[in-house]
Amino acid sequence: MTDTKRLAFSIIQFLHDQLQSGYLSSDAQESLEVAVQCLETAFEVSTDDQSLAVPMTLPEIFASATAKFPAQSQANNNTAPSSPTEEQRAEAERLKTDGEFRDQNSLQLQVPVGSEPVGSTETV
């Protein structure tokens, strides 16, 4: 639980820093204040407990993590999904055909033996 409390403490510190930045509207500041109170209560953490502090701030940790994967994070955010390979297309077509074949056979097996086809009329 200590790591969880340390993470909650870091998040609360980040939110406090955002509150002090002066860039937020009064509504946003009020929302963050409520969020801080909720986190402190939920995780039983207080910003007075400096034993939970970590050597890096949350933005520093985040910057360090994203610096290791810049191309990947940009690719995930800015590009459309890649097109399927020929092998993937062939497999999809095979599965589609197999599914259609099974559906047709399933329908044929469900018709009761000796029943008349739909739409047939009997002459009297």
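Where does glutamate 44 lie, in a helix or in a loop? Glutamate 44 sits in the loop between α2 (26-43) and α3 (58-67), and the views below start with the whole chain before coming back to that spot.

**View 1. The whole chain, a predicted model with five helices and zero strands.** From the N terminus on, the elements simply run α-α-α-α-α. Helices here (H or I, at least four residues) and strands (E, at least two) are DSSP runs, numbered from the N terminus. Residues are numbered from 1 along each chain as its sequence is written. Because this is a predicted model, local features need pLDDT of at least 70, side-chain atom pairs count only at pLDDT 80 or more, and totals for chains, interfaces and linings use all residues, while side-chain values use heavy atoms and leave out hydrogens and water. As for pLDDT, that's the predictor's confidence in each residue, from 0 to 100. The chain averages 79, and 70% of the residues score at least 70. Confidence is lowest in helix α4 (residues 70-78), at a mean of 54, and highest in α2, at 94.

**View 2. The surface of the chain.** About 10300 Å² of the chain is exposed, and carbon and sulfur atoms supply 55% of that. Accessible areas come from the Shrake-Rupley method with a 1.4 Å probe; for residues, only the protein chains shown count as cover. Of the 124 residues, 8% count as buried. Buried means under 20% relative accessible area, exposed means over 50%, and partly exposed is in between (1.4 Å probe, protein chains only).

**View 3. Helix α1 and its buried residues.** α1 (2-21) has 20 residues and reaches 28 Å from its first C-alpha to its last, close to the 28 Å expected at 1.5 Å a residue. The expected span of a helix is 1.5 Å times one less than its number of residues. Buried in α1 are Ala8, Phe9, Ser10, Ile12, Leu15 and Leu19, and they pack against α2 and α3. Serine 10 belongs to this helix and counts as buried because its relative accessibility is 5%. Leaving aside neighbours within four places in sequence, serine 10 is in contact with Val54 and Leu58, where contact means heavy atoms within 4.5 Å. After α1 comes glycine 22, with a positive phi near 85°.

**View 4. The largest nonpolar core.** Nine residues make it up: Ala8, Phe9, Ile12, Leu15, Leu19, Leu32, Val36, Val45 and Leu52. α1 and α2 each supply at least two residues of this core, and the largest share, five residues, comes from α1. A nonpolar core is a set of buried Ala, Val, Leu, Ile, Met, Phe, Trp, Tyr and Cys residues joined through side-chain atoms within 4.5 Å. In soluble globular proteins, nonpolar side chains tend to be buried together. Zoom in on phenylalanine 9: not counting residues up to four places away in sequence, it touches Val45, Ser46, Thr47, Asp49, Gln50, Leu52 and Ala53.

**View 5. The end of α2 and glutamate 44.** The 18 residues of α2 should span 26 Å at 1.5 Å a residue, and the end C-alpha atoms of α2 are indeed 26 Å apart. Next along is glutamate 44, whose phi is near 50°, a positive value in a residue other than glycine. Glutamate 44 counts as exposed because its relative accessible area is 61%. Not counting residues up to four places away in sequence, glutamate 44 touches Lys5 and Leu39. Glutamate 44 and alanine 8 are 36 residues apart in sequence, yet their C-alpha atoms are 9.3 Å apart in space.

**View 6. A salt bridge in helix α5 (residues 86-110).** A search of the whole structure turns up one salt bridge, meaning a side-chain nitrogen of Lys or Arg within 4 Å of a carboxyl oxygen of Asp or Glu. Its partners are arginine 89 and glutamate 86, with the closest N and O atoms 3.7 Å apart. Arginine 89 and glutamate 86 are separated by about one helical turn, because they are three residues apart in α5. An α-helix has 3.6 residues a turn, so residues three or four places apart point the same way. Arginine 89 is partly exposed, at 44% relative accessible area, whereas glutamate 86 is exposed, at 59%.
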